[in-house]
Amino acid sequence: MVKHSYFFNRALVAEQWHKNVRATVDDNGLFAEIRIDATPQSSDTQLDCVIPTLPNCHSHVFQRCMAGLTEYKTSDNDSFWSWRDLMYQYANQIDAKQLYHIAKYTYSEMLEAGYTSVCEFHYIHRELNDSSNTENMSLALIKAAHEEGIALTLLPVLYTQAHIDGTKLSDLQQRFHLTTDEYIALYKKLEKQLFAQQNMGICFHSLRAVSLEQMQRVLKSLDKGQPIHIHIAEQQAEIEQIQHHTQLRPVEYLYQNFEVNNNWCLVHATHLNQKEIKLIADSKAVVGICPLTEANLGDGVFALPEFLQQKGRLGIGSDSHILINPFQEIQMLEYSQRLHKQQRVIASTANNPHVGTLLWTKAVRGGAQACQLPVNGIQIGQQANWISLDTSHPSLVNLSGEKCLDSIIFADNQIPYQSYLKGEKITPMHQSIKENYKKTLKSLRN
Ligand SMILES: [Zn+2]
């Protein structure tokens, strides 16, 4: 049954801009039909310029409550590692109820911003005052995502050691700890708690935090072709640790020990050599790039042009949620390259010369692969999610679709836009979600 019908004057359909696109949405909120060069019908809602929403391929939702609070000096040499100490302080104060309120607020922000699905890389397993309970924190995320309507790929994280040499987790990391048996049992329990438009994936924190044997055991017990996510090669210190211990760089070590395929999402992959770039691209795994977080943490610059040249697949994650804005993520991804290479217009090709269109379409496709949910853009059978740009704004006067998208990324982040989920407008966040979030922040910032 057709529930809604729309007519888009121009739209980024699959991977190309088209004019006069008529789209119908069925009862389940999926695209039932998409016609190019169509004529509008009287029942259609007409929109001028439409792009797909972006899947968010990497999130630690609790970190939203500390965004902006670590921008001060703690030593002469602040880095990811000093930021991590501050992040642990927050991680150790949040209970399941507070996590629920943080997630409700942040998922709602994501939806308004144009992310309609999220991969939640979740490692605070043990309830605050009841360490035997490992489910409550995950259930809070499942419930919050379901209530807000964002499609969720829950990624419970295996995190067992502080260092690749087997050093035990510190006191501040105890809430993350599960044995391999506990992890497998939790995974199986949580699978039964999912709602429609939710799925789960296997997740290893990093090669530092989990042993090869543990990874092999988990994959043997649970791998049925679902997503598999891991942080990799984010920090130079991590590369040195792995190299010292294994004589291999992290990506080489991963590929030597596992059959990495298109189920895998390698988060960050910031520091790669040519051989590693080719390994990842050839395996069809997605690299989950988090440009604003990586910039905020001083991680380094991803080898984007080299990776694109090898036909590598990428997704975008808002990770620490220092900002929740997919357009600014894309801007940072391209600008970091320009500063690094002292060139302009890095992420484009002769066939696809517009940076905005090229990166946006790649991030939609790669993000959909990383979450394995039907969020692969404006295509039949996919969720009817899109962003409608307000082309009455002065910055968009008389521009093509390609130039509208470039403009909202690079020229004017005040251009209004409206996100749609399953064929309907996403409404502004409910006041009660804001109030509960504020109450949570007040108690955390006491
Ligand atoms: Zn992360």
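The following questions and answers examine the fold of this predicted model.

Q: What makes the overall dimensions of the protein agree with those of a compact globule?
A: For 446 residues, a compact globule would have a radius of gyration near 22 Å, and the protein has 21 Å, so the value agrees with the rule. Along the principal axes, the C-alpha atoms fill a box of roughly 65 × 45 × 45 Å. By the criterion of 20 or more other C-beta atoms within 10 Å, 48% of the 446 residues count as buried.

Q: What share of the contacts with a separation of 6 or more is made by residues 24 or more positions apart?
A: Such residues account for 75% of those contacts, a contact being a pair of C-beta atoms that lie within 7 Å. The secondary structure of the protein consists of 14 helices and 16 strands.

Q: How is the protein divided into domains, and how far apart do the C-alpha centres of domain 1 and domain 2 lie?
A: Domain 1 comprises 2-52 + 378-425, whereas domain 2 comprises 54-371. Their C-alpha centres lie 29 Å apart.

Q: How do you know that domain 1 and domain 2 are in contact, and which elements of domain 1 take part?
A: With contact defined by C-beta atoms within 7 Å, 16 residues of domain 1 are in contact with 17 residues of domain 2. On the side of domain 1 that touches domain 2, the elements giving two or more residues are β4 (45-52), α13 (401-410) and β15 (417-421). Of these, α13 gives the most, with six residues. The residues on this side of domain 1 divide into nine nonpolar, four polar and three charged.

Q: Why is Glu-259 called exposed?
A: A residue is exposed if 12 or fewer other C-beta atoms lie within 10 Å of its own; Glu-259 has 9, and is therefore exposed. Glu-259 is found in the loop between α7 (250-257) and β11 (264-268). Glu-259 and Lys-104 are 155 residues apart in sequence, and their C-alpha atoms are 36 Å apart in space.

Q: What makes β11 mostly covered?
A: The threshold for a buried residue is 20 or more other C-beta atoms within 10 Å, and five of the five residues of β11 are buried.

Q: How do you know that β11 pairs with β10 and with β12?
A: Pairing requires at least two bridges between the strands. Strand β10 (residues 228-232) shares five bridges with β11 in the parallel sense, and strand β12 (residues 286-289) is joined to β11 by three bridges, also parallel. Both pairs therefore satisfy the requirement of at least two bridges. On the β10 side, Ile-230 has Leu-266 of β11 as its bridge partner; on the β12 side, Val-267 is partnered by Gly-288.

Q: Which elements make a right-handed β-α-β unit with β11?
A: The unit consists of β11, helix α8 (residues 274-283) and β12.

Q: Why are β3 and β16 called edge strands?
A: An open sheet of seven strands has the order β3-β2-β1-β4-β14-β15-β16, with mixed pairing. In this sheet β3 (31-35) and β16 (424-425) each pair on one side only, and are the edge strands.

Q: What makes β4 and β14 a pair, and in which sense do they run?
A: At least two bridges are needed for a pair, and β4 and strand β14 (residues 386-389) have four bridges in the antiparallel sense. One of the bridge partnerships is that of Ile-51 with Ile-387 in β14.

Definitions and conventions
Residues are numbered from 1 along each chain as its sequence is written. This is a predicted model: local features need pLDDT of at least 70, side-chain atom pairs count only at pLDDT 80 or more; totals for chains, interfaces and linings use all residues. Domain bounds come from an automatic or database domain assignment. Two residues are in contact if their C-beta atoms, placed from the backbone, lie within 7 Å. Ala, Val, Leu, Ile, Met, Phe, Trp, Tyr, Cys and Pro count as nonpolar, Asp, Glu, Lys and Arg as charged, and the others, Gly among them, as polar. The radius of gyration is taken over C-alpha atoms; the globule rule is 2.2 Å times the number of residues to the power 0.38. A crossover is right-handed if, with the strands pointing away from the viewer, the path from the first strand over the helix to the second runs clockwise.
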